[in-house]
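Me: I would like to learn how to read a model like this one, feature by feature. Could you walk me through it?

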Amino acid sequence: MATATARAAPRAGILARPVAPMGIWSWLTTIDHKRIGILYELTAFIFFLIGGLEALLMRSQLVQPDNTLLGPGQYNALFTMHGTTMIFLVVMPLSAAFFNYIVPLQIGARDVAFPRLNAFSYWVFLSGGVLMNLGFLIGAVPDMGWFAYSPLTSSQFSPSVGVDFWVVGLQVLGVASLAAAFNFLVTIIQMRAPGLSFMRMPLFTWTTFVTSILIVLAFPVIAVALIELMFDRLFGSTFFNVTPAAAGAAAAGGDPILWQHLFWVFAHPEVYILILPAMGIVSEVVPVFSRKPLFGYPFMVYAVVSIAFLSFTVWAHHMFTTGLSAIAMSFFAASTMLIAVPTGIKIFNWISTLYGGSIALKAPAMFALGFIAMFTIGGLSGVMHASPPVDTQQQDTYFVVAHLHYVLFGGSIFALFAGIYYWWPKITGRLLGDGLGQLQFWLMFIGFNLTFGPMHFLGVDGMPRRVYTYSPGMGWELWNVVATIGAFVIGVSVLVFIFNAFKSLRTGERAGDDPWDGMTLEWTIPSPPPHYNFVEIPTVAGRNPLWLQKHPELAGRHVPGADPIATDTGHSGSEGSGAESHDGHHAVHVPDPSYWPLFAGAGIFVAGFGVLLSAGGNLSLLAVTGVGLFIVIVSIFGWSLEPVNEPVQA
Amino acid sequence: MSAHQPEHAHPGAQQYITIAAILTFITLVEVSVYYIAALRPVLLPVLVVLSAGKFALVVMYYMHLKFDNRLFSGMFLFGLATALFTAIAFIFLFHLLQPRFVT
Amino acid sequence: MQQVASAPPAHPPTHVEEPSTGLNNRKVLMWAFLGSDCMFFGALIVSYLVYRGRWQGHPVPTDVFDIPYTSVSAFALLMSSLAMVLALAAIQRGDIRRLKIWLLTTAGLGLVFIGGQIFEFTTFGHEGLTLGGNTGGTTFFVLTGFHGAHVSLGIAWLLSLFVQAVRGQMAQARSLDVEIAGLYWHFVDIVWIIIFTVVYLIPI
Ligand code: HEM
Ligand SMILES: [Cu+2]
């Protein structure tokens with residue numbers, strides 16, 4: 001918090017400003033998008049390890065028929081928490097980590113549009129993650145699947161408070177996602193550097209933009225569904241309850257299918273929320289490592305945007321077996337097949353970018369290539385169950401498990417690792433070891449295919465998903481053993497990554513500003529970037545601005561007359577890297593740290609906790625929720641009284 | 001950049017009051033239509049059109065979308081259109097289309 | 001100008017970044033939020049519509065509706081929108097006295113609406129329509145209740161602007177603060193326009 005050091009501890013609003021430049025309080029009160037990005041990354045990685053352990057436990061149970069390592073209840077809890085964790089606590093926040101760290105750099109901004117809202121998002125995300133996992137402490141773990149199908153979730157069939165942990169945790173996570181998405185939407189619309197028009201934006205910024213739109217439109221729907229479920233469980237309403245609330249009362253008349261519709265209206269866009277950022281990362285990595293600008297940039301953009309439209313029109317493809325009418329089936333089958341078109345366009349564009357390029361097979365490129373191959377397989381199995389009769393065969397079998405892991409693991413996680421290897425030097429100033437990176441890639445790639453490839457066969461053979469064991473003699477033994485071995489190979493690959501990360505932090509090769517000969521603005525500033533990112537806000541004259549400057553011949557047709565990145569010092573590295581600019585005499589506009597986002601996040605935690613306390617049956621404990629909301633209100637009040645920046649003490 | 005966004009020609013108090021008068025009138029029509037037995041068969045379309053008109057008037061004049069930057073209209077209409085599409089689809093799914101099998 | 005909040009400029013103006021579109025960040029945020037809130041109310045309204053005509057037992061919402069009564073409270077909310085735009089017109093002219101009057105009128109009409117809703121809920125409860133009785137009661141109370149919560153939040157917001165105006169902290173330069181609060185308020189009003197028609201008036 002370099003800018004703060006120049007100032008006396010000022011008092012404006014209710015609390016004095018936090019001023020510590022380092023140490024724990026500086027992290028707790030930070031509103032620097034880069035630090036928040038790092039917090040997201042670390043938190044999400046810890047959840048990745050937890051979710052991974054849950055997966056390894058499940059695979060250990062399934063290694064042989066009639067295994068008794070886990071009971072059915074434990075297995076249910078594990079697959080519920082594994083799915084929920086990986087989707088909401090790993091892939092989404094890992095993407096959010098890059099939104100935070102990279103997008104402001106790519107658009108030439110000094111921070112996001114609402115820095116304190118950004119910190120708030122992180123603390124609420126952390127609260128939601130903790131609330132979600134709190135059930136482990138008291139042995140009431142959510143155990144109804146990440147889709148929480150009704151009527152399984154009703155008080156009658158799930159009397160334990162496990163479901164409530166899921167409801168409250170997910171609701172809180174939704175608040176965090178919404179706050180972050182609004183912020184990135186406004187940031188990208190409003191804070192682009194001069195000259196950076198929409199059609200010049202890097203693809204990762206584009207996918208962040210579209211992902212934010214999807215979050216903004218999809219999360220309100222799950223919020224409503226969760227509110228309704230919470231009302232059913234807490235206050236005896238009958239949104240999804242089929243059976244009467246009390247013995248002798250009239251039938252409640254609720255329709256469990258309503259839950260499925262509301263859930264998938266949210267959850268299909270959600271799968272694009274999970275994959276679009278990954279596609280954005282790959283669209284950054286592939287051109288840089290094949291030294292060719294992205295092939296068909298406008299089509300890439302149109303494909304991303306049309307996916308945003310289409311993803312709200314396909315949800316019932318998850319419900320082909322619920323008795324939809326023939327017309328509805330045809331509609332949703334057709335729209336689902338249609339969405340494969342923009343997806344296919346992207347795959348062909350990446351391949352065309354690679355074609356004829358001088359490809360450097362560094363670790364980020366390996367993961368990106370892995371992504372393209374694995375995601376293509378997942379997309380193909382997706383189009384297969386877009387056909388209702390085929391899906392009727394595949395639904396609830398391991399074939400679907402194979403599909404969703406090829407898109408989510410082979411897709412999202414591989415791309416996120418590509419992003420980690422690609423941007424790590426920008427974030428830490430040191431490169432990750434490439435040899436260890438290659439080792440990790442191959443272990444993960446082989447392990448992944450060993451684990452999930454055979455699940456296609458198991459699925460076609462009829463092995464049901466979400467069941468804790470199977471009988472011998474079904475012909476499923478071999479592939480289950482292979483899958484379990486593969487899972488542990490993946491585990492080893494993650495250990496290799498952790499080793500690589502620690503090694504890089506201690507002794508990694510210094511990266512310099514631009515280790516990959518990159519093409520976007522984040523590579524014009526030092527690694528790690530100074531607090532204020534850019535000494536002078538750059539002016540952008542075309543796509544791939546840094547290539548326009550360094551290698552006009554690489555940057556394609558858009559060679560302009562003007563200096564592609566005009567700042568008064570040109571390359572800011574020389575001026576911005578030293579400590580001399582840290583004394584604030586640049587007077588750059590960087591927001592000051594604040595306590596309020598942390599307090600507001602804590603208030604949300606207390607509010608959620610209150611709901612959980614009352615879920616035991618004592619509704620008067622909702623008073624705790626009231627206290628939590630009061631803390632939130634006070635914090636927002638303090639927040640709005642506090643100026644974004646303290647006046648400079650001249 | 002284009003910082004001098006035209007201080008949009010907000011309608012004045014007079015126009016606001018005219019709009020309010022129209023809104024009041026439509027509301028009166030809505031409620032009276034509800035009570036006229038002869039109009040029952042067309043009640044649904046009539047009410048939908050009337051309330052859509054009120055909606056549009058408030059959005060265009062009181063929320064200034066008619067005069068303001070088109071980005072705002074885009075953001076709002078995208079959300080509105082998605083919500084409408086979803087709502088209509090639900091009405092089809094739950095009320096109008098014949099389920100394939102009834103449990 | 002207008003970087004994030006309406007705080008006084010803290011730094012030499014040469015270094016303050018201009019928004020790319022020339023629009024205000026908070027106004028863009030508000031419109032994004034309203035687009036998003038369409039989906040929120042869309043989902044709640046749809047939940048009501050899905051069960052419409054499938055209600056079991058009595059009373060159901062249409063048994064207890066009192067159309068003239070609700071028309072009056074709907075009208076109060078509609079007119080609060082007029083008061084709201086007049087408040088905005090006032091501050092844009094720099095007329096703080098009228099700003100105060102119209103802000104208070106808006107909030108007052110909002111309170112009339114909320115009072116009406118509380119009375120309506122109580123009456124319906126006495127007549128046997130309850131949250132858990134049937135899907136009609138469930139979807140009606142949760143939909144209109146969440147709308148009421150939105151209105152209440154809006155009232156609190158308007159009153160906080162009013163208090164600031166009384167304390168002399170509102171000036172022409174802050175008309176944007178009133179405009180943004182107004183956008184929220186009108187949105188809550190148009191949601192009620194839909195609810196009034198779809199929930200109360202349309203038979204079936
Ligand atoms: C070509 C594009 C895609 C198509 C046509 C497609 C199609 C489908 C269909 C029809 C199902 C339902 C299968 C069933 O339950 O019987 C499904 C399930 C699933 N898909 Fe996809 N998909 C595509 C891409 C994706 C992507 C990109 C993701 C995520 C990154 C994804 C994640 C999932 C998940 C998580 C499920 C399982 C949900 C559950 O039951 O828990 N899909 N997909
Ligand atoms: Cu889907």
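Reply: Gladly. Let us start with the classes of residue: Ala, Val, Leu, Ile, Met, Phe, Trp, Tyr, Cys and Pro count as nonpolar, Asp, Glu, Lys and Arg as charged, and the others, Gly among them, as polar. By that scheme, the shell around ligand 1 holds 12 nonpolar, eight polar and three charged residues. Please keep in mind that this is a predicted model.

Me: Thanks. How many residues surround ligand 1, and which are the closest?

Reply: The shell has 23 residues, and the closest are A:W146, A:D391, A:Q395, A:H403 and A:R465.

Me: Which helices supply at least two residues of that shell?

Reply: Helix 9, helix 12 (363–384) and helix 14 (398–428) of chain A each do so. Helix 14 of chain A gives the most, with five residues.

Me: And how do I read polar contacts to the ligand?

Reply: Look for a pair of N or O atoms within 3.5 Å. Three side chains of the closest group can be read this way. For A:D391, a polar side-chain atom lies 2.4 Å from an oxygen atom of ligand 1. For A:R465, an N or O atom of the side chain is 2.9 Å from an oxygen atom of ligand 1. For A:Q395, the corresponding distance to an oxygen atom of the ligand is 3.2 Å.

Me: Let us turn to the metals. Which protein atom is the donor to the iron atom of ligand 1?

Reply: For a metal such as iron, a donor is an N, O or S atom within 2.8 Å, and water is not among the atoms, so a site may look incomplete. Here the iron atom has a single donor from the protein, NE2 of A:H403, at 2.2 Å. A:H403 sits in helix 14 of chain A, the helix that gives the most residues to the shell around ligand 1.

Me: Which residues are the protein donors of the copper ion (ligand 2)?

Reply: They are A:H268 through ND1, A:H317 through NE2 and A:H318 through NE2, lying 1.9 to 2.0 Å from the ion. Their spacing in sequence is H-x48-H-H. The pair A:H268 and A:H318 links distant parts of the chain, with their positions 50 residues apart: A:H268 belongs to helix 9 (residues 256–290) of chain A, and A:H318 to the loop between helix 10 (297–310) and helix 11 (326–354) of chain A.

Me: Is A:H268 buried or exposed?

Reply: Buried means under 20% relative accessible area. A:H268 has 5% relative accessibility, so it counts as buried. A:H318, at 22%, counts as partly exposed.

Me: How far apart are the copper ion (ligand 2) and the iron atom of ligand 1?

Reply: The two are 4.6 Å apart.

Me: Now the backbone. What should I expect in general?

Reply: Most residues other than glycine have a negative phi, and most peptide bonds are trans. Let us look at the exceptions here. The peptide bond from A:S150 to A:P151 is cis, with omega near 5 degrees, and A:P151 is in the loop between helix 6 (135–138) and helix 7 (162–190) of chain A. Another cis bond runs from A:S527 to A:P528, with omega near -15 degrees. A:P528 is placed in the loop between helix 16 (477–507) and strand 1 (539–540) of chain A.

Me: Where is A:R291, with its positive phi, located?

Reply: A:R291 has phi near 50 degrees and lies in the loop between helix 9 and helix 10 of chain A. With 29% relative accessibility, A:R291 counts as partly exposed. In chain B, B:H64 also has a positive phi, of about 65 degrees, without being a glycine. B:H64 is in the loop between helix 2 (43–62) and helix 3 (70–96) of chain B, and is buried, with a relative accessible area of 1%.

Me: Finally, how is chain A built overall?

Reply: Chain A has 20 helices and two strands, and 64% of its 650 residues count as buried. The domain assignment gives domain 1 (34–243 + 253–567) and domain 2 (592–650). Their centres, taken over C-alpha atoms, are 29 Å apart. Where they meet, 19 residues of domain 1 are in contact with 20 residues of domain 2. Among contacts in chain A between residues at least 6 apart in sequence, 81% join residues at least 24 apart.

Notes. Residues are numbered from 1 along each chain as its sequence is written. Chains are lettered from A and ligands numbered from 1 in the order in which they are written. This is a predicted model: local features need pLDDT of at least 70, side-chain atom pairs count only at pLDDT 80 or more; totals for chains, interfaces and linings use all residues. Side-chain values use heavy atoms; hydrogens and water are left out. Donors are N, O and S atoms within 2.8 Å of the metal (3.2 Å for Na, K and Ca); water is not among the atoms, so sites may look incomplete. Helices (H or I, at least four residues) and strands (E, at least two) are DSSP runs, numbered from the N terminus. Buried means under 20% relative accessible area, exposed over 50%, partly exposed in between (1.4 Å probe, protein chains only). A residue is near a molecule or strand if one of its heavy atoms lies within 4 Å of it. A polar contact is a pair of N or O atoms within 3.5 Å; within protein, one must be able to donate a hydrogen and the other to accept it, and residues adjacent in sequence count only if both atoms are side-chain atoms. Domain bounds come from an automatic or database domain assignment. Contact means heavy atoms within 4.5 Å.
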